[in-house]
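Dear colleague,

I am handing over the structure we talked about, and I would ask you to open it beside this message. Below it you will find what turned up, set out step by step.

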Amino acid sequence: PKTGIIALNYNGDTLVGEKRTLIDAEFNSLINLDVIVSDGGGKQDFCRVTISILDENDNPPLFDRDLYEVTFKQIVGEMNILIVFAFDPDQGDNGKIRYARSGNFEFNIDRDTGVITSDSSITSGNYTLIVHAYDYGSPVLESTATVLISVEQDLPPRAFFPNMSYTVSVPEDYPLNTPFIQLEAIPTAANSQIIYSIYQGRNFRTKQ
């Protein structure tokens, strides 16, 4: 009280006389202290001290759940599977998050949005991914969550094309017997063997 020095006490509070305020930039980045000075004659004056709290990277990102589960009848081509979400209460780059995944490489995750997408068609199976959330602080902090993706074997009774029609442009001097498009059909659950043939178009043939 006699020196005018303001300091932190042992448990991380500001201490001036009996006034204590918790120091944490996530909860309060500015602290105002009103300081009174008194002389021996009883006269007083006061001033305000504004303390700006600089954020430390003391919080790792946290996912909104530890386990994500999703089930599909089938996955055709590249499609959105689900989105994961993590939050970091730190400020600035300390609170900015990027996503990554480890595990099955049939799926990708957008590093900025957390959207998980399939890489190709999947007819059945169970897949486990570990998703990671990293912040941009120093040191980098992270957390993980588990994603379970189930694809039930519920295919139609016949093979099918994922698209109703396909369009391709071919120049008139295109060489004979040179492929210009490759179609991919989805097999049935009972038989994975697929045979292609042309129903109409006698000037074309499928490549064996």
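Please keep in mind throughout that this is a predicted model. A good place to begin is an open sheet of three strands, which has the order β8-β12-β11 and antiparallel pairing. Its edge strands are β8 (80–83) and β11 (107–109), each of which pairs on one side only. On average, and with direction ignored, neighbouring strands of this sheet are turned by 20 degrees against each other. If you look at β11 and strand β12 (residues 115–118), you will see that they pair in the antiparallel sense over three bridges, and that Phe107 stands opposite Ser118 in β12.

There is also an open sheet of four strands, in the order β7-β14-β13-β10, and here the pairing is mixed. The strands β7 (67–72) and β10 (97–103) stand at its edges with a single partner strand each, so one side of each is left without a neighbour in the sheet. From one strand to the next, the twist averages 25 degrees. Between β10 and strand β13 (residues 125–135) the pairing is antiparallel and runs over seven bridges, with Gly103 standing opposite Leu129 in β13. As general background, strands of a sheet pair through backbone hydrogen bonds, either parallel or antiparallel.

Turning to the side chains, how many aromatic pairs are there? The count comes to four. In one of them, the rings of Phe63 and Tyr68 have their centres 6.5 Å apart and their planes at 80 degrees, and because planes over 60 degrees apart count as edge-to-face, this pair is edge-to-face. Phe63 is buried, with a relative accessible area of 11%, and Tyr68 is buried as well, at 3%. Phe63 and Tyr68 form one aromatic cluster together with Tyr99.

The rings of Phe107 and Tyr127 also make an edge-to-face pair, with their centres 5.5 Å apart and their planes at 70 degrees. Since Phe107 lies in strand β11 and Tyr127 in strand β13, this pair ties together parts that are 20 residues apart in sequence. Phe107 is buried, with a relative accessible area of 0%, and Tyr127, at 14% relative accessibility, counts as buried too.

Finally, please look at the ring of Tyr136, where the charged end of Lys96 sits over the ring, 5.1 Å from its centre. Arg98 likewise lies over the face of Tyr136, at 5.9 Å from the ring centre.

With best wishes

Conventions: Residues are numbered from 1 along each chain as its sequence is written. Side-chain values use heavy atoms; hydrogens and water are left out. Two strands pair if DSSP finds at least two bridges between them. Helices (H or I, at least four residues) and strands (E, at least two) are DSSP runs, numbered from the N terminus. Axes are lines fitted to C-alpha atoms, for helices over the stretch in contact, and angles run from 0 to 180 degrees between N-to-C directions. Rings of Phe, Tyr and Trp (its six-membered ring) pair if their centres lie within 6.5 Å; planes under 30 degrees apart count as stacked, over 60 as edge-to-face and the rest as tilted. Buried means under 20% relative accessible area, exposed over 50%, partly exposed in between (1.4 Å probe, protein chains only). A charge sits over a ring if NZ of Lys or CZ of Arg is within 6 Å of the ring centre and within 35 degrees of the ring normal.
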